[in-house]
Amino acid sequence: MKYETQRVALPFFMVAMALFALQIVFGLLAATVYAWPEFMASFMPFNIMRVSHTNLLIVWLLIGFMGCTYYLMPEEAEQEIASPGLAYIQLGIFAFAGAAALVGYQFGIHEGREFLEQPFWIKVLITISFLLFLFNTSATLAKGRRTAINMVLMLGLWLAAVFWLFAFYNPTNLAVDKLYWWWVVHLWVEGVWELIMAALLGYLVIKMTGVDREVVEKWMYVIVGLALFSGLLGTGHHYYWIGAPSYWQPIGSIFSTLEVAPFFTMVMFAFTMFWKGRRNHPNKAAMLWTLGCPTVAFFGAGVWGFMHTLHWVNYYSHGTQVTAAHGHLAFYGAYVMIILGVMTFAMPSLRRSQPYNQVMNMWGFWIMTGAMCFMTFTLTFAGVVQTHLQRVLGMNYMEVQDQLGLFYAMRLGAGIAVAIGAGLLLYAFFGPKRVEVPAGGTQMTAGTDNA
Amino acid sequence: MAEGLTRSAARNIFYGGSLFFFLLFTALTVHSHWYMVNVSTDSEGLTESVKHGKEVWEKNMCINCHSLLGEGAYFAPELSNVWERYGGHQSPEAARTGLAAWIRAQPLEVPGRRQMPAYDFSEEEMQSLIDFLEWTDGIDAQDWPPHPAG
């Protein structure tokens, strides 16, 4: 850690991981209801579990992005963070807003639009905190070195703030409501968040492989270009069935198919740099996440997204468990994994230790990633059966759901495995410091000395 | 990666291209907004009661179990065409009575079945909610969903 103020990232990572753990708890509760419908029915209805699960994800990802930004900005800008005090204050505001929203949900206090359920005053607090964050990091950047990485990162964060403002607009016409609702939801996760992801990935690749910055940054511009060229008009795949004009069917089909391209390019980028790289970085676990993140994002966001994005396919699959399958692996691969990757890279220096003996972290990676893939497969099978019975044969919704019990049971099992993997990872992050393994020990070799 | 492409060229293509696609997307969104208000939805039928019904829908966070126009939680049936499913196109009064009775009957307490909670709607809230569902059924959603089953 070259700059003292990089330490600001640590409390952000701690809060993010606490909320991540809670997110998994609510996910497990909801998955249990799918398997045993009476579970907690009179105590906590399903909609409360679901809103808690999704909102915790959004809040911890945003706090995670902030932590990652505070960690890399001093190195990239060659400048200490403008105001560490302000960083702690805006973290406090954001964490309070998130916690207050979560507690409020348990008592039915919300605005009732999916993912934007936060009450008005909490939306205001989130906006204030995010603006303080942008001010603090932009001020740091303004005084320091501008690189493609910190410029694209800040562009992504600023645009995320701009599009968030559509969350305050709730038209009475439901179709118009949905039209602009996607300006937050889609333009975040299939638009500007990809800028944040690509910048963080580029940062990790430079650090891990030592490949020339010029080369990495050129790749990065190609990736974010592909992301926005495809992703902006790709919003059309959400406009097929909400009362929008029919021209969105060809536009959405073509451009959202192209949304696979940036993710595929990220995979090529990460692996090409890995093979070209001359630096043998000791943090093998961070390398694993750096390669794993684009790979899983390519399958979760790219392939699983493409699977149901063509309008004549989506006509039948829209709003089934196919969407749930895609949602889970896309968020995990693209955004959860990039933050966990930066954390894996940053935690040893934040804790002033060396990246020794990271087997626990890697077990967390494989168990969690494997379980998320399995969960996605079970939901995909459920979705395909549901699509056929309900959308092709026209069977009643509840009768169809009765046919899906096996898949939901296996999804619950996968969720338990995710929780175990996450537990191992959290222990690796925050548990006792690892001890040094005798010389020669490296997790990347296949020999006996691989502890 | 093509050797001919320099970093600054890649950067310029990114900024220029993104701006172009953003402006195009904005223009199409403006047109879609106009289309929704004037063509695909019943703006004149968007009464105070329908607006209130949307508030009831949001206040009770129905979206985190049900889906509406295919968006929501997928845990409970699609409701954008529930009006059609209850025969509202043929006999509106019967559909209205049926929907209200179904909501009032919750929770069904059928063993092994997903439970919808009880909602203590006033008669006015109930009628507004049903007005909202009837209005939503009238949106021209390109013939989606494929079956009345939703």
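**Entry 1: a patch on chain A**

I started at Trp121(A), which sits in helix 4 of chain A; helices here are DSSP runs of H or I with at least four residues, numbered from the N terminus. I am working with a predicted model, where local features need pLDDT of at least 70, side-chain atom pairs count only at pLDDT 80 or more, and totals for chains, interfaces and linings use all residues. Residues are numbered from 1 along each chain as its sequence is written, chains are lettered from A and ligands numbered from 1 in the order in which they are written, and side-chain values use heavy atoms, leaving out hydrogens and water.

Is Trp121(A) buried or exposed? Trp121(A) counts as partly exposed because its relative accessibility is 46%, given that buried means under 20% relative accessible area, exposed over 50% and partly exposed in between (1.4 Å probe, protein chains only).

I then looked at the company Trp121(A) keeps. Trp121(A) joins Phe96(A), Phe120(A), Val124(A), Ile128(A), Leu165(A) and Phe168(A) in a nonpolar patch on the surface, and together they have about 680 Å² of accessible area. Such a patch takes residues with over 30% relative accessible area and no salt bridge, with nonpolar side chains (Val, Leu, Ile, Met, Phe, Trp, Tyr) joined within 5 Å. A salt bridge is a side-chain nitrogen of Lys or Arg within 4 Å of a carboxyl oxygen of Asp or Glu, and the areas come from the Shrake-Rupley method with a 1.4 Å probe. Helix 4 of chain A gives the most to this patch, with 4 residues.

**Entry 2: two packed helices**

Next I checked helix 5 (residues 148-164) and helix 7 (residues 213-234) of chain A, which pack at an angle of about 25° with their axes 10 Å apart. Axes are lines fitted to C-alpha atoms over the stretch in contact, and angles run from 0 to 180 degrees between N-to-C directions. Helix 5 and helix 7 of chain A are therefore roughly parallel to each other, a label for angles under 35 degrees. The contact (heavy atoms within 4.5 Å) includes Ala148(A) and Val152(A) from helix 5 and Met220(A) and Tyr221(A) from helix 7 of chain A.

**Entry 3: backbone oddities**

I found Met40(A) with a positive phi of about 60°, although it is not a glycine. Met40(A) lies in the loop between helix 1 (9-35) and helix 2 (46-77) of chain A.

In chain B, I noted a cis peptide bond from Gln106(B) to Pro107(B), with omega near -5°. Another cis peptide bond joins Trp144(B) and Pro145(B), with omega about 0°.

Technical notes
Patches are made of residues with over 30% relative accessible area and no salt bridge: like charges are joined within 9 Å, nonpolar side chains (Val, Leu, Ile, Met, Phe, Trp, Tyr) within 5 Å. Angles under 35 degrees count as roughly parallel, over 145 as roughly antiparallel, 65 to 115 as roughly perpendicular and the rest as oblique.
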